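Biologist: Please take a close look at one part of this model, the nonpolar core, and tell me what surrounds it. Keep it plain enough for a first-year student.

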Amino acid sequence: MALYSEKVMDHFRNPRNVGVIEDASGIGEVGNAKCGDIMKMYLKIEDDIIQDVKFETFGCGSAIASSSMATELIKGQPVSEAMKLTNQAVAEALDGLPDYKMHCSVLAEEAIRSALEDWRKKTQADSLP
Amino acid sequence: MIYADNAATTRMSEAAIRTLVSVAKENYGNPSSLYSFGQRAKEILEDARSAVAEVLGAQPREILFTGGGSEGDNQVIRSAAELGRRKGKKHIVSSAFEHHAVLHALERLKKEQGFEVTLVDVHEDGLVRPEEVAAAIREDTCLVTIMTANNEIGTIQPIREIGEICRSRGVLFHTDAVQAVGHLPLHTPDLPVDFLTASAHKFHGPKGVGFVFVRKGVQILPLIDGGAQERNKRAGTENVAGIAAMATALREAADHLEERGAQTAKMRDKLIRGLREIPHGALNGDETRRLPGNVNFCFEGIEGESLLLLLDDRGIAASSGSACTSGSLDPSHVLLAIGRVHDVAHGSLRLSIDETLTDDEADTIIQSVKEVVAYLRGFSPVWRDLESGKIPHIL
């Protein structure tokens, strides 16, 4: 039996949306190198729609695959939808993760939420008189 | 496939397979049965014992067959602890980077029986200092257990010096030689050890078989109760075919020890030279006092499991001390013991080769590791921070 599903391996081998957005509307970074996983998400938001999303990840196969899948799930979505992204949705979209790797999907959810919060803070600051 | 995980397990030798199959087929009798068919199996068992003993320079009576390395480690430790406890000696000296078969057995003694354990430092070079073992020994020390060679970083411990110290202090000495037997010359008459544990599948024998050398006159208690097999020290019908195959494999390994060791070490050094070209990486463990087949590196900014999966895609089987490969949150206790910080320990790679690795295969490994490390660093936020100077490089 393989360690990971075909979906996980596909997203690990060919991660979608890898990279950086230089003029990102919001950036979120979660995890720490001590535990072996760090995810960084970059969002480009216009008219409350996630126009573009990129990620950088230091971590195991499932951490990279979870990041990749999470970006796919929110790209082109309204912010309100992206806020609802759960780790379960990420794991399910990957056809499941081993139990001890579920924290990778949690990290992906947290990274996106953190980037959205960063965007919200920035836009609120901009809208102040 | 390029197989570079011989410290995990080895390919069985053709000769060992032949022995295994032929004994299983032709001599399936129970060695404890008195009819001649059973006694033939008994003979095969005792021939194997003599063969194993001969390789070590030991006497056949000093060889106790077991179900593998973990069992051997557990039996020696629990036995020495029980015999020590009866004399009020409840202290054991070991090292911080022993195999879990040793460390977890010691943990159990601490938890369940109130034993005290001193783990000596293994330093940055991955070598135990004999004088630190000497300093750790107390009046109530019943056992010193230090491995012959480390399973992750391959460093070879000064077991002769440690053994001499133990002997002069009247303390039993056990060495877990699972990674060393069949790979390093070990001659028990001039090696001051009381117990030495080995496992067949690490030297091209079958899995689930091993032995413990128990020096003549030194007592050992059974771990498994039952029948009178192994002179009452290990109950259960003997794995005759496996034991015979182990003897064949050990004989073969001993016959070719020098030439295979030299060839393996040559390829090891080639791999070390090649992988050193990767920036911000470092060899783990002393460069020369290490097993001929062991290469272990840490690379900054990447995580080991991703590295292994991508090497697997390129047909290379290797291993890592990263947390993600073990199912725990902590990276290898061995790498932490030699002072690698968590962040770096996650990015480790162990290549354990044998003499069959070709020059071309070594080149493929070097090239693949270089490419995969560079690829993973390409989208690692840790690497970005290291390169931008936001966090300092350690390696």
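Modeller: The model is predicted. Its largest nonpolar core has 66 residues, and those that touch the most other members are B:L271, B:F299, B:L307, B:L349, B:L351, B:I365 and B:V369. The element that gives the most to this core is helix α5 of chain A, residues 102-127, with eight residues.

Take B:L349 as one example. Leaving aside residues up to four places away in sequence, B:L349 touches B:V295, B:N296, B:F297, B:F299, B:L307, B:L308, B:L311, B:A318, B:S319 and B:V369. A second core is separate from this one; it has 60 residues, including B:A53, B:V122, B:V209 and B:F211.

Next, a pair of helices from the two chains. Helix α1 of chain A (residues 6-13) and helix α10 of chain B (residues 304-313) have axes that come within 12 Å and cross at roughly 95 degrees. Because of that angle, α1(A) is roughly perpendicular to α10(B). On the α1(A) side the contact is made by A:M9, A:F12 and A:R13, and on the α10(B) side by B:S306, B:L309, B:L310 and B:D313. Sorted by class, this contact has four nonpolar residues, one polar residue and two charged residues.

Last, the division of chain B. Domain 1 covers 14-255 and domain 2 covers 257-388. The centres of these two domains of chain B, taken over C-alpha atoms, are separated by 29 Å. Between them, 33 residues of domain 1 are in contact with 21 residues of domain 2.

Key:
Residues numbered from 1 in each chain as written. Chains lettered and ligands numbered in written order. Predicted model: local features only at pLDDT ≥ 70, side-chain atom pairs only at ≥ 80, totals over all residues. Heavy atoms only, no water. Core = buried A, V, L, I, M, F, W, Y, C linked by side-chain atoms within 4.5 Å. Buried < 20%, exposed > 50% of the residue type's maximum accessible area, 1.4 Å probe, protein only. Helix = DSSP H or I, 4+ residues; strand = E, 2+ residues; numbered from the N terminus. Contact = heavy atoms within 4.5 Å. Axes fitted to C-alpha atoms, helices over the stretch in contact; angles between N-to-C directions. Parallel < 35°, antiparallel > 145°, perpendicular 65-115°, else oblique. Nonpolar A, V, L, I, M, F, W, Y, C, P; charged D, E, K, R; others polar. Domains from an automatic or database assignment.
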